[in-house]
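Here is a quick tour of charged and polar side chains for someone meeting this protein for the first time. Have a look at the model, then read on.

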Amino acid sequence: MKNILGIGSAGCNVAKQLGQKKQYKVYCLSPEVEKNTKYNCKLEIYDNPEEYESLDLSRVDKFLSTIKGACTAFVCGASNSSAITLRALEILHKNDVKIDVVYFKPETEVLSEVKRLNERAVRHVLQEYARSG
C-alpha cells in the first residue's frame with residue numbers, strides 16, 4: 001500500500017480522490033478535516049502562515065509517526081496551512097520515511113498579496129528542500 005499525505009485543503013482533496021483506489025492509504029493534515037482520526041489530523045484555523053510555523057507540533061508529530069516506509073505528500077502553496085509543510089517533512093524525515101512531494105502551483109494572479117507571498121515562500125523552501133536531497 002502506498003502512503004499519501006495531503007497537506008491543506010487542496011492537498012487533502014487530491015489525496016482523498018486517490019484514496020478511492022485501494023492501493024493508497026491516505027492521511028490528511030488540514031484545518032478543513034472534520035475531526036482527528038487515525039488518518040486525519042485537524043489543524044487550528046489561523047489567519048496567517050506564521051502562526052502555522054510556530055504551532056506546537058506534538059499532536060502532528062504523533063499523527064505523522066504512524067506513516068512508515070515511503071510517502072507522497074501533496075500540497076498547494078496558496079493555503080495558509082501549507083506553511084506547516086517543511087516542519088511536517090522534517091518529522092517524516094526524522095522517522096526515516098522516504099518522501100516525494102507533489103506541489104500544485106496556483107494561479108498567482110488571482111491570489112491576494114499575502115497568499116502570493118506565502119505561495120512563493122513555500123515553493124522556494126520546497127525547491128531548496130529538494131536540492132538538499
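How many salt bridges does the count come to? It comes to five. Keep in mind that this is a predicted model. Let's walk through some of those pairs, starting with a small table.

| Salt bridge | N to O distance |
|---|---|
| D100 and K98 | 3.4 Å |
| R116 and E113 | 2.8 Å |
| R123 and E119 | 2.8 Å |

**The pair D100 and K98**

The side chains of D100 and K98 meet with N and O 3.4 Å apart, and a salt bridge needs that nitrogen to lie within 4 Å of the carboxyl oxygen. How open to the outside are the two partners? D100 has a relative accessible area of 39%, so it goes down as partly exposed. K98 comes out at 52% and is therefore exposed, because the label "exposed" starts over 50%.

**Two pairs in helix α5**

Helix α5 covers residues 113-132, and it hosts two of the pairs in the table. R116 and E113 sit three residues apart in this helix, which means about one helical turn separates them. Their closest N and O atoms are 2.8 Å apart. Both are partly exposed: R116 has 24% relative accessibility, while E113 has 46%.

Further along helix α5, R123 and E119 are four residues apart, so here too the separation is about one helical turn. Their side chains form a salt bridge at 2.8 Å, N to O. Is E119 buried or exposed? With just 1% relative accessibility, E119 counts as buried, because anything under 20% gets that label.

**A patch of negative charge**

Not every charged residue here is part of a pair like these. On the surface, D47, E50, E51 and E53 gather in a patch of negative charge. Residues in such a patch have no salt bridge and over 30% relative accessible area. Take E51, one of the four: its relative accessibility is 31%, so it is partly exposed. E51 belongs to helix α2, which runs over residues 49-53.

**A polar contact at S30**

One last stop is strand β2, made of residues 24-30, where S30 is found. Which residue does the side chain of S30 touch in a polar contact? That would be E32: the two side chains are joined by a contact of 2.5 Å. S30 itself is buried, since its relative accessible area is 1%.

Conventions
Residues numbered from 1 in each chain as written. Predicted model: local features only at pLDDT ≥ 70, side-chain atom pairs only at ≥ 80, totals over all residues. Heavy atoms only, no water. Patch = residues over 30% accessible without salt bridge, like charges linked within 9 Å, V, L, I, M, F, W, Y side chains within 5 Å. Areas by Shrake-Rupley, 256 points an atom, 1.4 Å probe, with all protein chains shown as cover. Lys, Arg positive; Asp, Glu negative; His and termini not counted. Charge placed at Lys NZ, Arg CZ, Asp CG, Glu CD. Buried < 20%, exposed > 50% of the residue type's maximum accessible area, 1.4 Å probe, protein only. Polar contact = N/O pair within 3.5 Å; in protein donor to acceptor, adjacent residues only side chain to side chain.
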